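Let's walk through this structure together, one part at a time. Have the sequence and the 3D view at hand as you read.

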Amino acid sequence: MAEQHAHVTPKRGAGAVSPPAARVRGLDRSFGGDQVLRGLDLDLAPGEFTALLGRSGSGKSTLLRVLAGLDADYEGEVAAEGAVAVAFQEPRLLPWKKVWANIVLGVATPSPRDAATAALTEVGLTERADAWPLTLSGGQAQRVSLARALIREPRLLLLDEPFGALDALTRAAMHDLVLNLWKRHRPAVLIVTHDVDEALLLADRALVLTDGRISHDIPVKLERPRRRGDPRAAELRAEL
Ligand code: ADP
Ligand code: MG
C-alpha cells in the first residue's frame, strides 16, 4: 500500500541548508517486552539512494513503517519533509479495482485516469491501465506499485524488499527501472534488501541495522554502471 503522510515540516531559517529528507533521533520501538529499535539515529539527505541491510527480524520493516507514518507507536524524534511513499514486497493492490484506480487511490487529482496512465507509462505499462490486478505478473504488479508510489511525488521513497519475490531477469529489469525513475524524480530512496549485490548496484550508501541501531554506515558511491563482485560486498556480508 502506498501511503502519503504529512510529517512535521522543519522551519527553514535564512541561509539554512536544505533539510534532510528524513531525520530520526533516539527512535525506540518495542513490541511487548521486545525492544526492536533502540535509540536509532538516521539522516537521509535529499535525493540520496540508501540501502538498508540487516538480518531477518532486525527491525528493518519496523523502521520503514515508522518513517512511512504507518506506525505512530514509538518514542523519539522522527521528521520527514514532504510526501513519503512506500512499496512493499507484495504490491498489495486492491483486486476489485482496475490497475489505474489502484494507482490513484486516495490521490486528489482533476483527471485521475490520465494521471494514472501517465504514471503507468513511466513504468512501461501504459497498456494495462484497465487490467485487473490479479491478471498481472509479479513484475507487472511491482511496476504498478512503483507507479502508485510515484504519483504521490514523494520526497522520500521507501522500498521494503520490493524485488525479493521476483526472478533474476525481472529483478534486473526492475533495477534499471528504479534507477531511471530515481534519476528523473530524485526522491531520497531507502531500500531494504537482503541482497548485498543489489545494495551495491543501486545505492550510494549502505546501512546495516544491528541490535536496534544503525551499526554501519558505508558509502558505496562508485562509477555506474556497477560491476558484480565489488570488493565492498565482502565487507558488507561480514556484517550481516
Ligand atoms: P525485518 O524487517 O528486519 O525482518 P521486522 O521489523 O519485521 O524485521 O521485525 C523486527 C522484530 O519485531 C521481529 O522480532 C518481529 O517479530 C517484531 N515485530 C514486528 N512487527 C510486529 C508486530 N506488529 N507485533 C509484534 N511483533 C512485531
Ligand atoms: Mg522486513
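How many nonpolar, polar and charged residues does the shell around ligand 1 have? Keep in mind as you look that this is a predicted model. By class, the shell has two nonpolar, seven polar and one charged residues. You can pick them out by name: Phe31, Val36, Gly54, Ser56, Gly57, Ser58, Gly59, Lys60, Ser61 and Thr62 are the residues around ligand 1. With three residues, helix α1 (residues 60-68) gives the most to this shell.

Let's stay with that helix for a moment. Is α1 mostly covered or mostly open? Mostly covered: of its nine residues, eight are buried. These are Lys60, Thr62, Leu63, Leu64, Arg65, Val66, Leu67 and Ala68. Two of them, Lys60 and Thr62, are also among the residues around ligand 1. An α-helix has 3.6 residues a turn, so residues three or four places apart point the same way. Just after α1 comes glycine 69, which takes a positive phi of about 80°.

Now turn to the strands. Three of them form an open sheet with antiparallel pairing, in the order β2-β1-β4. Why do β2 (34-44) and β4 (75-80) each have one side left without a neighbour in the sheet? Both stand at the edges with a single partner strand each, so one side of each stays free of a neighbour there. From one strand to the next, the twist averages 25°.

Look more closely at β1 and β2. Strand β1 (residues 22-31) pairs with β2 in the antiparallel sense over seven bridges. To follow the pairing on screen, start from arginine 23, whose bridge partner in β2 is aspartate 43, and then find leucine 27, which stands opposite leucine 40 in β2. The two strands form a hairpin with two residues between them, and glycine 32 in the turn has a positive phi of about 60°. Phe31, which belongs to the shell around ligand 1, lies within the span of β1, residues 22-31.

One more pair of strands is worth a visit. In the parallel sense, strand β5 pairs with β6 (residues 156-160) over four bridges, and alanine 85 stands opposite leucine 157 in β6. In a regular strand the side chains alternate between the two faces of the sheet. Which residues of β5 (residues 84-87) point one way, and which the other? Val84 and Val86 point one way, Ala85 and Ala87 point the other way, and all are buried.

Terms used:
Residues are numbered from 1 along each chain as its sequence is written. Chains are lettered from A and ligands numbered from 1 in the order in which they are written. This is a predicted model: local features need pLDDT of at least 70, side-chain atom pairs count only at pLDDT 80 or more; totals for chains, interfaces and linings use all residues. A residue is near a molecule or strand if its C-beta atom, placed from the backbone, lies within 6 Å of it. Ala, Val, Leu, Ile, Met, Phe, Trp, Tyr, Cys and Pro count as nonpolar, Asp, Glu, Lys and Arg as charged, and the others, Gly among them, as polar. Two strands pair if DSSP finds at least two bridges between them. Axes are lines fitted to C-alpha atoms, for helices over the stretch in contact, and angles run from 0 to 180 degrees between N-to-C directions. A residue is buried if 20 or more other C-beta atoms lie within 10 Å of its own, exposed if 12 or fewer, and partly exposed in between; C-beta atoms are placed from the backbone.
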